[in-house]
Amino acid sequence: AGRFSLRYRVESPVDLLDFHADVGALGAKAHESGPRLFTGSFDAEDYVFTGDALLRARVPATGTRAGFLFHRDPDRARRDLSPFGKGATHSDNRGYFLCDVTFDLRRDGPGKQANRPPLAVSILFDASLSMRWDKLDHAVRVLTGVLDRLGEDDRFSLALFNDRVAPFPGELQAADGQTRARAIDWIRSGSLAGGTDLLLALQRGLSPLEAAPETMERILMIIGDGRPTSSPLAQDELVEGFHEANRKLLARVMAFGVGSDSNQVLLHRLASESRGQFTWASETQDVAQPLEQFLERMRQPTLTGVSFQFDPPENFEALYPSGSVIAHDQSSLRFAGRYKGPLESASCLLSFTGPEGASERRFELSLPARRAGSDHLPRIWAKERVDYLLQRIEREGENDGWVTEIISLAKRFTFVTPYTSFLAAPRALLRPRIIKPGDPLIRVRTSDAIAAVVAILPFGEVKQLTYLKDEDIWETRFLVPRDLPDGTYEATLVLTDREGRKFLEQKSFVIDGKAPEIQVQLPPGSPAPGSSFLLRVLADQDTRRIRAQLPGLPPVPVVWDPEAKACVARVFLPPDYQAGSHTLQVMAEDFAHNVSFAQAELIVLHP
């Protein structure tokens, strides 16, 4: 930067014991300092960004507490000056709030905290080719910190993984100085290889923990970017496979994601669904602080089911993180939300389950009619909302409404998402996402700034797409090898705009060549003309449509019934329907348009 200027202002609801600001080699110039207010600045010319700006504060221990910030400015009309806003003005009658909860169970009351048992830690170290250079240095530093933090009663095992898993010699062993040195030397002498079979690594990583006695807490630790390249690639299938392998051990997953391209959604899900924790650091980040937090939480009690309930509930909306989340003692958790109107008196109930069982804390608050001092809160809320939508897209696939909302929020509040480059990048929606082998049609919808689209397919084919003006869509056909295993694959779309700039977008799609399996269940007994019977059909989870038909009658849709836990249809027989034996035909189609058929013989009695 030719000129670099940073101004900061830190306000605290409690007296801070210590405060420190650091921006690389630049020194801080304090304008004002005090126990609850710290301000300062950094200024430089020809500044090279070699590190992060860090503000560190030490907070006194006062028990579990919640702090609230509010913003509501309904009278202010804002003009959108972004390249997409076209100068439009808008106002917002809703209020925004940020809640920061700090857990301190040791000082909450007379409850006695349970002693933490010794640890049995199985460490998986990512040695795939994506872990090169700075990412590998960070990963080795994380591993070194973990081994140094283990106590004399703790035990560990270690394995390298890529497309295969290579264990460190020996089972669970003490982390004494000599063993730690051998483990680090063994890691450094290893080599990177292509491919990442993450499910195999998770399954093999659980094996050493089977020998851990019941008195030890089992931890499966992942250090890497969490990007699988071997089947299964679908997140749900991979997570389900891990849970199946972990059903008896109940090991906690501690995942340290390394690199800006790390699969944070998957690693966070593996950790949260096993009462563990997830921490992340980019290649350019100083890994010391997230690593220290990661190491501290190895022995801190895990708090599950953390949730907020606001009263009155109808005045609050869109709280993120949404649903039940994982937290730890001696740490903080942030919630962002909106409120519809001001209230002098409201409350929120914090619920969680800790080492002593279910616990609750109630906090009183008032919702201001106007508070313009924290105008950064709407942007924080928007970012949390986008992260929530991106997680749903990662798990459930793209939805036009979600993508449109992400782009709208990113443009309004000017931040980067996978669908927007600062501030604008063309986006593409790949359809269909689930296809079957053969010669399928692929369609891509882009913005009107795109002049050409090329698809680079994972099995070596490169296709130029054709633009259909009437439908405003790009399309092509491509050959899916019939011997290609079912699974999730990624295609690279090369988008060229009208000024010749090129953009790359990764899009995943699912190959599904297996037709749905169905079972037809007729009720006991035989119906008569003029009556009806309930048809049940059991089908695969990816079945999108089922239809049943008797000879001479129109087809009947068979739909999912959650109470029956099956797909059902009420079939009516006309009064003049012929008695005797009839073949009931059932057709099922999945999302890849694979079709299967089944039959059942129905006996219709004489009236």
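Q: Which residues of helix H8 are buried, and what makes a residue count as buried?
A: In H8, the buried residues are Trp 402, Val 403, Ile 406, Ile 407, Leu 409, Ala 410 and Phe 413. A residue is called buried when its relative accessible area is under 20%, exposed when that area is over 50%, and partly exposed in between, as computed with a 1.4 Å probe on protein chains only. Seen down the axis of H8, these buried residues fall within an arc of 165°, so they line one face of the helix; the arc is that of the directions from the helix axis to the C-beta atoms.

Q: What kind of model is this, and how are its residues and atoms treated?
A: This is a predicted model, in which local features need pLDDT of at least 70 and side-chain atom pairs count only at pLDDT 80 or more, while totals for chains, interfaces and linings use all residues. Residues are numbered from 1 along each chain as its sequence is written, and side-chain values use heavy atoms, with hydrogens and water left out.

Q: How do you know that the end-to-end distance of H8 agrees with its number of residues?
A: The expected span of a helix is 1.5 Å times one less than its number of residues. For the 14 residues of H8 (residues 400-413) this gives 20 Å, and the end C-alpha atoms are 20 Å apart, so the two values agree. Helices, like H8, are DSSP runs of H or I with at least four residues, and strands are runs of E with at least two, both numbered from the N terminus.

Q: What is found at the start of H8 and just after H8?
A: At the start, a side-chain oxygen of Asn 399 comes to within 2.8 Å of the backbone nitrogen of Gly 401. Such a pair is judged against the definition of a polar contact, which asks for N or O atoms within 3.5 Å, where within protein one must be able to donate a hydrogen and the other to accept it, and where residues adjacent in sequence count only if both atoms are side-chain atoms. Just after H8, Thr 414 takes a positive phi of about 55°.

Q: Why is Cys 99 not counted in a disulfide?
A: A disulfide requires a pair of cysteine sulfur atoms within 2.5 Å. A search of the whole structure finds zero disulfides, and for Cys 99 the nearest cysteine sulfur, that of Cys 348, is 5.4 Å away. Cys 99 is nevertheless called buried because its relative accessible area is 0%, and Cys 567, at 12%, is buried as well.

Q: Why is Arg 361 called partly exposed, and what does this residue touch?
A: Arg 361, which is found in strand S22 (residues 357-367), has a relative accessibility of 22%, and therefore counts as partly exposed. Not counting residues up to four places away in sequence, Arg 361 touches Thr 64, Leu 105, Asp 108, Cys 348, Leu 349, Leu 350 and Phe 352, where contact means heavy atoms within 4.5 Å. The side chains of Arg 361 and Asp 108 are joined by a polar contact of 2.7 Å.

Q: Is Lys 135 buried or exposed, and what does its side chain reach?
A: Lys 135, in helix H1, counts as buried because its relative accessibility is 4%. Its side chain reaches the backbone oxygen of Ser 130 at 2.9 Å, and the residues that Lys 135 touches include Asp 225, Asp 261 and Glu 283.

Q: What makes a set of residues a nonpolar core, and which members of the largest one touch the most others?
A: A nonpolar core is a set of buried Ala, Val, Leu, Ile, Met, Phe, Trp, Tyr and Cys residues joined through side-chain atoms within 4.5 Å. In the largest such core, of 33 residues, Ile 123, Leu 143, Leu 158 and Met 221 touch the most other members. The largest share of this core, six residues, comes from H1. A second, separate core of 27 residues includes Phe 161, Leu 220, Val 253 and Ala 271.

Q: Why are Leu 250 and Arg 275 placed in separate accessibility classes?
A: Leu 250 has a relative accessible area of 56% and is therefore exposed, whereas Arg 275, at 36%, counts as partly exposed. Leu 250 has a positive phi of about 55° although it is not a glycine, and phi of Arg 275 is near 65°, again a positive value in a residue other than glycine.
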